There are 2 protein chains.
Amino acid sequence: MLSNSVQDYLKALYEMGGESEMIGTGAVAARLAVTPASVTSMLQKLAASDAPLVHYKKHRGARLTDEGLGKALEILRHHRLVELFLHETLGFGWDEVHDQAEKLEHVISEELEDRIARQLGDPVVDPHGHPIPTKDGRMPVRHEKRLIDLPAATPARISRVADHDTEMLRYLGGLGLVLNARIEIVEKSPFDGPILVRIMDGDRVQALGRRVASQVHVMLDSATEMAAMPNHDNTNSDAGDSNA
Amino acid sequence: MLSNSVQDYLKALYEMGGESEMIGTGAVAARLAVTPASVTSMLQKLAASDAPLVHYKKHRGARLTDEGLGKALEILRHHRLVELFLHETLGFGWDEVHDQAEKLEHVISEELEDRIARQLGDPVVDPHGHPIPTKDGRMPVRHEKRLIDLPAATPARISRVADHDTEMLRYLGGLGLVLNARIEIVEKSPFDGPILVRIMDGDRVQALGRRVASQVHVMLDSATEMAAMPNHDNTNSDAGDSNA
DNA sequence: CTCTGTTTTTAGCCTTGCCTAAATCATAAA
DNA sequence: TTTATGATTTAGGCAAGGCTAAAAACAGAG
Ligand SMILES: [Mn+2]
Ligand SMILES: [Mn+2]
Ligand SMILES: [Mn+2]
Ligand SMILES: [Mn+2]
């Protein structure tokens, strides 16, 4: 069994770099709140075993092996199922589930994982719109873009929000910017100014800072059709910014 | 925060000796599957702090302080609430919940504890009939006796079963000897022989070995009245044999 | 190409919780 | 009262995962 620490390193590598990107020692250190020295020694250990969990090149960083990827997705599945379960079955708000799931993900047996998934009807996304890896270790692909990249006057739905910033989640929730809320951009102010968003449900217009807007992802209303088509954008499925 | 290990030691001391009994190093070692040497050093540490969790006398064993008792009951509350939750909400059998709860008990936040308790309607016993400590740290008293001590021809109900032996729980469940099943003893064979138990629901008679019968506790059908009366037996509320 | 600031690695140390082997203590039998 | 025996404690180590401080490698500016 992988220790909690090892699990956390694998998850961090996946969340920061997906399947292919090399991630530097310092970046991992910052995310896990440990020193770079600690990361170096852990990465060396993970790369050294006979079935290595990461590829590691001195001074160049690390990325997951297929082996490591599998483990990372397994943990992420636990995390996201637990988040949804806490939300759906126990009534926690979407801003309250992350920290608890961060602990529970490490102690969920396969049996419990299965029961939770079944009770929730084999869900595909967690309360923040993060896709839930499948039991056999694949990450569902979704075609979404950052709210900040959405053209003006294009109807869309909120499809994902970064989940580790409790404050921001509360703020967004208060504005009605919840999962699947229909919105469109009225105007983007120049010089990195705020973004004016129309919230269809209630027809209000709300100004959002750039920081927040880059944490929110949307799907075009036509995306359901697009999902059946070949993938033409080059972003990888889940990595790069999202959290757990 | 107390480490998982420390929590396990406190729980073991409570389960083995309750509030007052001194427990020897070797007994703790056997239960936790560590060496006596390890127990000695842990007990010394727990007794040394400025707010000691245990009283410890060299060569004489240890018992919980008030401080330690509070912590032990807190953990036990988590364990038993989780067991019941797994049973009631996720459909696990009573023989499947213990091991999972053993891990979850350490990572349940107060908030989650409260939600679980509320969802279950502030329950008083877990799936094995173990009383659930209250939020404010008291262990409910129940007036029960071991099946083995029940006089013949006295109607009673199964009120508790040791929970850590999966095999035995499956065996008992298969016989219909579940929680609250109505039974009475037909005959106790002499020379430590088996006990003949009539299972009212179905009116079958079943022979039980002494080993099993001493793990099962019962309440007299009149016990609800007795519960309101002063406690005349001198067994302490929960300690001595039960598990988690 | 060389210098310099930043990043990463190495070296050495610490804490927790466990272990084995060697004392030491307690107790019950002789 | 002595002795044997079992239980407990001490002494010394080990592995995991962290930290700090010093050394080394890289990368960008000149
Ligand atoms: Mn799993
Ligand atoms: Mn999430
Ligand atoms: Mn609690
Ligand atoms: Mn139980």
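In this predicted model, strands β4 (residues 156–161) and β8 (residues 216–220) of chain A are joined by five bridges and run in the antiparallel sense. Within the sheet, Arg160(A) stands opposite His217(A) of β8(A). Helix α7 (residues 166–175) of chain A packs on the sheet, where it touches β4, β6 (195–199), β7 and β8 of chain A. The direction of helix α7 makes about 160° with that of β7(A).

The pair belongs to an open sheet of six strands in chain A, ordered β3-β8-β4-β5-β6-β7, with antiparallel pairing. At its edges lie β3 (145–146) and β7 (204–208) of chain A, each of which pairs on one side only.

Attention now turns to the metal site. The manganese ion (ligand 1) has four protein donors, Glu74(A) through OE, His78(A) through NE2, and Glu110(A) and Glu113(A) through OE, at 1.8 to 2.3 Å from the ion. Along the chain, these donors follow the spacing E-x3-H-x31-E-x2-E. Glu74(A) and His78(A) both belong to helix α4 (residues 66–90) of chain A, and they are four residues apart, about one turn of the helix. His78(A) has a relative accessible area of 6% and therefore counts as buried, the limit being under 20%. Glu74(A), at 28%, is partly exposed.

The two chains remain to be related. A turn of 180° with a shift of 0.0 Å along the axis lays chain A on chain B with an RMSD of 0.0 Å. This is the relation of a two-fold axis. The same surface serves both copies, since 100% of the contact residues of chain A recur in chain B. Of the residues of chain A, Leu104(A) comes closest to the rotation axis, its C-alpha lying at 3.6 Å.

Notes:
Residues numbered from 1 in each chain as written. Chains lettered and ligands numbered in written order. Predicted model: local features only at pLDDT ≥ 70, side-chain atom pairs only at ≥ 80, totals over all residues. Heavy atoms only, no water. Donors = N, O, S within 2.8 Å, 3.2 Å for Na, K, Ca; no water. Helix = DSSP H or I, 4+ residues; strand = E, 2+ residues; numbered from the N terminus. Buried < 20%, exposed > 50% of the residue type's maximum accessible area, 1.4 Å probe, protein only. Least-squares fit on C-alpha atoms with pLDDT ≥ 70 in both. Contact = heavy atoms within 4.5 Å. Pairing = 2+ DSSP bridges. Axes fitted to C-alpha atoms, helices over the stretch in contact; angles between N-to-C directions.
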